[in-house]
Amino acid sequence: MGKIAIVTDSNSGITQEQANALGITVIPMPFYINEIMYQEGITLTQEEFYERLKKDESISTSQPSPAEVCDLWDSLLQEYEEIVHIPMSSGLSASCENAMGLARDYEGKVVVVDNQRISVTLRQSIMDAIHLRDAGKSAGEIKEILEKEALEASIYITLETLKYLKKGGRITPAAAAIGTVLNLKPVLQIQGEKLDAYAKVRGKKQAKRTMVKAVQKDLEERFADYAKAGEMCLEIAYTGNKEEAEEFKKEIEEAFPGYEIHTEPLSLSVACHIGDGALAIACMKKVTV
């Protein structure tokens with residue numbers, strides 16, 4: 001079996017340091033702040049991003065240029081025979097579709113996986129890809145397995161502020177104002193390619209309870225067979241509020257004994273749309289061979 005390189009982007013939440021340890025490549029996603037370009041994890045740290053966000057500076061997301069992607073692939077193909085490229089969900093960014101277009105010129109040596117994931121669920125896909133590669137699967141087989149199990153995941157997110165939903169046009173200014181006065185906290189969900197509303201509750205405490213119940217329901221119903229077989233994993237993600245996330249982790253460990261809970265910051269591509277202080281919990285199926 002030929003050598004396979006695994007590539008993702010920083011939407012996975014995997015840092016450059018972690019990527020080096022895992023033996024994979026992470027493309028840093030570009031951001032524009034006041035029309036100046038920064039790269040996540042390279043020229044822009046999480047801390048710097050949230051400082052700029054709090055100052056209401058103009059922030060927009062972007063994606064790597066085709067030339068950057070092709071240069072990376074060309075470099076990797078000098079050492080590897082195949083590349084498995086796993087970007088964020090095609091439903092949330094054009095980077096996946098663009099990569100698929102570029103891969104057509106590589107005569108099957110570059111396989112682009114669209115498995116509808118982002119952040120911690122995308123991170124798990126990378127871990128699954130490493131596992132499959134090490135088990136002797138080809139690049140095509142890895143793509144087939146990951147895409148087949150793409151939707152076997154849920155993310156639930158609650159926000160500290162409605163400001164960024166209002167800014168992005170997801171809720172009206174009037175709804176944001178009423179929500180702020182009443183201390184309403186939305187719980188959002190990502191099922192595959194969409195970020196949708198799940199519930200609206202009073203206060204962060206109730207929002208966390210709602211997310212825990214949502215995951216319990218998933219494990220007892222939608223993912224019941226996988227849970228019984230020990231094939232599910234849980235992850236917590238956050239935007240800038242690490243201490244709160246660690247406290248939430250303790251609650252999750254009590255609610256779901258026997259699960260190892262992984263905690264990571266949410267990718268900045270998500271954070272710029274929901275703001276500082278968000279908490280998320282995800283459950284997803286692990287690939288088994």
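**A colleague's note on the sheet, the salt bridges and Lys-285**

1. Let's start with an open sheet: its 4 strands pair in parallel and follow the order β2-β1-β6-β7. The edge positions belong to β2 (25-27) and β7 (110-112); each has a single partner strand, so one side of each is left without a neighbour in the sheet. On average, neighbouring strands here are turned by 25 degrees against each other, direction ignored. Please keep in mind as you read on that this is a predicted model.

2. Now a closer look at one pairing. Strands of a sheet pair through backbone hydrogen bonds, in either a parallel or an antiparallel way. Strand β1 (residues 4-9) and β2 run parallel, joined by 3 bridges. If you would like a residue to click on, try Asp-9, whose bridge partner in β2 is Ile-27. A helix also packs on this sheet: α4 (residues 95-103) touches β1, β6 (82-86) and β7. The direction of α4 makes about 155 degrees with that of β7.

3. Stepping back to the whole chain, there are 12 helices and 13 strands. Of its 289 residues, 51% count as buried. The accessible surface comes to about 13,700 Å², and carbon and sulfur atoms hold 48% of that. Among contacts with a separation of 6 or more, 73% are between residues 24 or more positions apart.

4. Lys-285 deserves a point of its own. This lysine is found in strand β13 (residues 279-285). Is Lys-285 buried or exposed? Lys-285 has a relative accessible area of 5%, and since buried means under 20%, this residue counts as buried. Leaving aside residues up to four places away in sequence, Lys-285 touches Gln-124, Asp-128, Glu-149, Glu-152, Tyr-226, Glu-231 and Met-232.

5. One of those neighbours is also a charged partner. Lys-285 forms a salt bridge with Glu-149, with the closest N and O atoms 3.1 Å apart. Lys-285 lies in strand β13, while Glu-149 sits in the loop between α6 (139-148) and β8 (153-158), so the pair ties together parts that are 136 residues apart in sequence. Both partners, Lys-285 and Glu-149, are buried. The two side chains are also listed as making a polar contact, at 3.1 Å.

6. How many salt bridges does a search of the whole structure find? The search finds 13. One of them joins the side chains of Glu-160 and Lys-204, at 2.7 Å from N to O. Glu-160 lies in the loop between β8 and α7 (163-167), and Lys-204 is in helix α9 (residues 204-222), so this pair ties together parts that are 44 residues apart in sequence. The two partners fall into separate burial classes: Glu-160 is partly exposed at 40% relative accessibility, whereas Lys-204 is buried at 12%. Salt bridges with shared partners link Glu-160, Lys-185, Lys-204 and Glu-244 into one network.

7. A last salt bridge to look at is between the side chains of Arg-133 and Asp-134, where N and O are 3.2 Å apart. Asp-134 counts as exposed because its relative accessibility is 57%, and the cut-off for exposed is over 50%. It makes a handy contrast when you have Lys-285 and Glu-149 on screen, as both of those are buried.

Terms used. Residues numbered from 1 in each chain as written. Predicted model: local features only at pLDDT ≥ 70, side-chain atom pairs only at ≥ 80, totals over all residues. Heavy atoms only, no water. Helix = DSSP H or I, 4+ residues; strand = E, 2+ residues; numbered from the N terminus. Buried < 20%, exposed > 50% of the residue type's maximum accessible area, 1.4 Å probe, protein only. Contact = heavy atoms within 4.5 Å. Areas by Shrake-Rupley, 256 points an atom, 1.4 Å probe, with all protein chains shown as cover. Polar contact = N/O pair within 3.5 Å; in protein donor to acceptor, adjacent residues only side chain to side chain. Salt bridge = Lys/Arg side-chain N within 4 Å of Asp/Glu carboxyl O. Pairing = 2+ DSSP bridges. Axes fitted to C-alpha atoms, helices over the stretch in contact; angles between N-to-C directions.
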